[in-house]
Amino acid sequence: MSGQIVRPYGDTTGDGMVQVSFTLPVSHDKRAEGAAVQLANKMGIDPAMVVHAKPMGDGFTFFVVYGRVNHLVDLNAVQVVERDFALLSAKDVNTVIKQRLRRKLSVVGACIGTDAHTVGIDAILNVKGIAGEKGLEYYRELKVTNMGAQVSVPELVETARVEKADAVLVSQVVTQRDAHLHNTREMSAAFREAMPAGRRPLLIVGGPRFDETMTDELGVDRIFGRGTTPGEVASYLVHALITKRKAMA
C-alpha cells in the first residue's frame, strides 16, 4: 500500500496477515481448536489457522492464531500524545532547577491500592534506573521520596503534603477489572479535595495499560506508557513545573 493507508503483512507486503493470542475457558482438544478458529473468524481473520495451543490448567487453553484480515489502517486518523517538551540531559535538568527554581524539586512516588509491583516506579526513581539510564534519585537537584508498594491514597496525599511535593508519580501495573483506572480516579479526586488548585502537585501516572489520551478523564496532568525512561520524566518535570509555568507568569 502507498501513502497514508496501510495494511498489515506477514510474508509479503500488503498480504494482511496478523497473529493474535488469547485464552479460552475450555480444555484443549480438537473442539477447543475449532472454537479458537471460530472466534478468529468473528474477529475478521479469515482464513485462520491455530499455530499454537497449550493447556493452561484445568479447563483453559492458550491459543496463537495466524491468518488474514482485510482491514486497512488510515495513518492520518491515528491519535497519539506527541512529546511536547525537549529531552534534557541530567546536567541540564539540574542546571534549570537550580537556576530557575532555586531549591530542590520534590518528587513523591508510589504504587497505590493493592498494586505490589514496584518494578516500574523503581525503574524511574531508583538511582540504578533502567537500561543504563540513571533514575531520578541520581539528579542532585531532585528530592525523591519512594513510598514503595500498596500505598493507600490517604497515605500518599499526606506524604505529598509533608514533603511539599511538586510532583506525585504513581505506577499502576495491576489492571484487572480496570483497577488502574479506579485507583487513579480515586487519587486525583483525593488531591483535588485535600489541596487547592494552586498548591496541588503535578499528578503523573504510568503503566503498560494506560491510554495516554485519558489525562482529562482521569484527572491527572500526564500519563506515561511502557518504555518511558527516567530522563523523559525528568525532562517533563522541568517543562511542566518550571519552563511552562515561567512562560505563563
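In what order do the five strands of the open sheet stand? The order is E7-E6-E8-E9-E10, and the strands pair in the parallel sense. The model on screen is predicted, and the stops below begin with its overall division.

**Stop 1: the two domains**

Colour residues 5-76 as domain 1 and residues 90-248 as domain 2. Between the C-alpha centres of these two domains the distance is 38 Å.

**Stop 2: the open sheet**

Show the five strands E7, E6, E8, E9 and E10 as a cartoon. Select 142-146 for E7 and 222-224 for E10; these strands form the edges of the sheet. Each of them has a single partner strand, so one side of E7 and one side of E10 has no neighbour in the sheet. Going from one strand to the next, the twist averages 20 degrees.

Now add E6, residues 105-110, beside E7. Five bridges link E6 and E7, and the pairing is parallel. To look at one position in detail, pick Gly109, which stands opposite Asn146 of E7.

**Stop 3: a helix across the sheet**

Keep E6 and E7 on display, add E8 (167-171), and then show H4, which lies across these three strands. H4 runs at about 165 degrees to E6. Select 153-162 to highlight H4.

**Stop 4: the H4 and H5 pair**

Leave H4 selected and add H5, residues 179-194. The axes of H4 and H5 are 10 Å apart, and the helices pack at an angle of about 45 degrees. H4 and H5 are therefore oblique to each other. Their crossing is right-handed.

Which residues of H4 meet H5? Show side chains for Val153, Leu156, Val157, Ala160 and Arg161. On the H5 side, show Glu186, Met187, Ala190, Phe191 and Ala194. Of the residues in this contact, eight are nonpolar, two are charged and none is polar.

**Stop 5: the E3 and E4 hairpin**

Move to E3, residues 48-55, and E4, residues 61-68. These two strands run antiparallel and are joined by seven bridges. Select Lys54 and look opposite it for Phe62 in E4.

Finish at the turn of this hairpin, where five residues lie between the strands. Which residue there takes a positive phi? Pick Gly57, whose phi is near 90 degrees.

Conventions:
Residues numbered from 1 in each chain as written. Predicted model: local features only at pLDDT ≥ 70, side-chain atom pairs only at ≥ 80, totals over all residues. Heavy atoms only, no water. Domains from an automatic or database assignment. Axes fitted to C-alpha atoms, helices over the stretch in contact; angles between N-to-C directions. Helix = DSSP H or I, 4+ residues; strand = E, 2+ residues; numbered from the N terminus. Parallel < 35°, antiparallel > 145°, perpendicular 65-115°, else oblique. Left-handed = near helix turned anticlockwise from the far one by under 90°. Contact = heavy atoms within 4.5 Å. Nonpolar A, V, L, I, M, F, W, Y, C, P; charged D, E, K, R; others polar. Pairing = 2+ DSSP bridges.
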